[in-house]
Amino acid sequence: MARRAAEPTSPQEEQGLLVSSSEHLQDVHDVNKSDDFVSTPCARSNPRWAQAQKTGNHSRLRESIICNTIDRPRWMTTRRDFYDDEKSMRGLGRRCAARLGLGTLIFLGVIQLFSVLSGLLIVFVPDGIHRITDKWGQIGHIGEGLSSWPTDFSRGVLPIPCHSHNDYWRRVPLYSAIEAGCISVEADVWLFRDELYVGHSLASLTPNRTLASLYVDPLVQILEKQNPTTQFHSDGSVSQHGVFDTVPEQSLALLIDFKTSGSALFPYVVSALEPLRSRGHLTYRNGTQTINRPITVIGTGNTPFNLVDSDLINPHHDIFFDAPLAAMWEGLPGETLTLASKPESPVYGADIDASMPDSLASKREKRSASEDEMGQGMSGAPQSPDVYTTENSIYASVSFTQAIGHVLFGKLSDSQMKLIRGHIRGAHRRGLKVRYWELPFWPIGLRNYVWDLLVKEGVDILNVDDLKGATKLDWGKRTGWWS
């Protein structure tokens with residue numbers, strides 16, 4: 001192996017190196033005495049010089065700088081020299097890594113910019129098919145006059161079995177529910193000075209919010225648009241289209257919640273529905289069967305059953321009843337229901353009066369005084385639930401909280417599930433649609449759990465306040481009752 005030239009090869013060379021080093025140290029001593037050193041490039045470029053000026057230790061720094069500028073043989077290299085070399089290599093590595101990272105980011109940015117510019121190019125300079133579809137149907141373009149249909153009021157809206165609870169509270173009553181696909185809406189009606197006002201309470205009533213302005217008149221306009229008179233549809237031989245263009249045979253249920261005296265309010269409701277009735281838009285009973293039409297009116301709240309079922313007061317038989325669901329519980333063969341553990345609910349029948357809660361029993365005792373203000377399913381109602389059929393009723397409803405109770409620990413109990421299944425079984429046997437109102441609304445996960453369970457068990461109409469939440473495809477999914 002070749003010997004490195006920098007190492008001494010003989011005693012004479014080693015002696016010469018020592019002499020050279022002594023001479024060099026003498027030169028350093030001479031430079032230390034001179035102020036010219038500060039003007040040398042070596043001193044000005046060394047970062048330790050500024051620090052030495054602060055501390056006053058100039059001479060030692062001069063020696064260090066000068067010693068590092070001469071060519072020294074490898075065998076005279078100090079540990080600090082190796083440390084400085086290693087430090088320089090680390091700095092070089094960091095600089096290379098930073099440049100590589102910066103270059104990568106620049107490269108990716110160029111690719112992203114190219115992608116954005118390509119998209120903008122398609123927008124501002126579309127190809128043939130995009131030019132046609134973007135302008136199709138507009139004046140002066142292909143398909144001029146063909147972009148709309150006579151019945152496209154609700155084009156693309158798919159009806160779903162949900163009920164828009166307190167629909168009049170929404171920013172756009174009626175239309176918001178139809179836009180969401182709800183097949184049932186609700187209006188709370190109050191009678192004052194021969195006018196039917198709509199609102200949740202007396203304090204919320206205003207002169208311009210009436211049953212006619214919020215529901216009857218808009219429905220007439222919608223159905224006129226959905227059933228235009230044309231050369232193809234002029235004699236009325238074609239079945240009427242409902243509010244949903246995608247499913248024209250779907251009827252929209254209009255639940256009218258009687259808030260004041262039912263017997264006083266009923267004739268005014270019959271009269272207010274005349275614009276819909278005269279145009280043949282109301283579902284009615286012809287004596288043997290129910291004739292389905294675009295709008296189905298159902299009386300709830302203080303609606304008296306005896307007036308709904310009267311040929312004299314309801315001669316057109318186009319107002320139906322919202323029957324008491326709690327009275328329709330039916331168990332499986334051999335299955336019984338312990339009323340003592342049952343939540344408070346309006347159960348009918350003389351055979352179970354002893355098990356009824358005191359509050360409900362007192363209501364029945366006061367029927368003679370206020371029989372038409374008993375609340376949903378109870379005003380003017382008979383003693384037996386067997387009278388409720390498709391001839392007089394459409395829905396069978398009850399408060400979920402009163403009939404089923406609260407949902408504890410994020411899950412319905414076995415006894416609560418027995419109640420729900422019994423209600424559904426009894427209502428469906430009578431041909432009625434099941435609806436629970438006053439459902440849990442928070443936490444959201446608990447609400448979704450109840451929604452999902454009711455739909456799976458066979459509830460026909462989901463009573464909702466949150467239209468957006470109800471129309472999502474994944475509302476049945478949940479991570480916990482607290483979510």
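**A pocket, three strands and one disulfide**

Let me begin with the second largest pocket, which is lined by 24 residues, and of these His165, Asn166, Trp437, Glu438 and Asn463 lie nearest its centre. By pocket I mean, on a 1 Å grid over the protein atoms alone, an open set of points where a 1.4 Å probe fits, with protein on both sides within 12 Å along at least five of seven lines, and lining residues have an atom within 4 Å of a point.

What we are looking at is a predicted model, in which local features need pLDDT of at least 70 and side-chain atom pairs count only at pLDDT 80 or more, while totals for chains, interfaces and linings use all residues. Residues are numbered from 1 along each chain as its sequence is written, and side-chain values use heavy atoms, with hydrogens and water left out.

The protein has 17 helices and eleven strands, taken as DSSP runs of at least four residues (H or I) and at least two (E) respectively, and numbered from the N terminus. Of its 483 residues, 40% are buried, that is, under 20% relative accessible area with a 1.4 Å probe and protein chains only, where exposed is over 50% and partly exposed lies in between.

Returning to the pocket, its lining receives at least two residues from each of S2, strand S4 (252-258), strand S7 (295-301), strand S10 (433-437), helix H16 (444-457) and S11.

Two of those strands, S2 and S11, also pair with strand S1, and here pairing requires that DSSP finds at least two bridges between the strands. Strand S1 (residues 160-164) runs parallel to strand S2 (residues 182-192) and is joined to it by three bridges, with serine 164 having valine 185 as its bridge partner in S2. Strand S11 (residues 461-464) is likewise paired with S1 in the parallel sense, over three bridges, and in this case histidine 163 has asparagine 463 as its bridge partner.

Which two cysteines form a disulfide? They are cysteine 162 and cysteine 182, whose sulfur atoms are 2.3 Å apart, which satisfies the rule that the sulfur atoms of the pair be within 2.5 Å, and by this rule the count comes to one disulfide. The pair links distant parts of the chain, since cysteine 162 is in strand S1 and cysteine 182 is in strand S2, 20 residues apart. Both cysteine 162 and cysteine 182 are buried, whereas cysteine 96, at 41% relative accessibility, counts as partly exposed.
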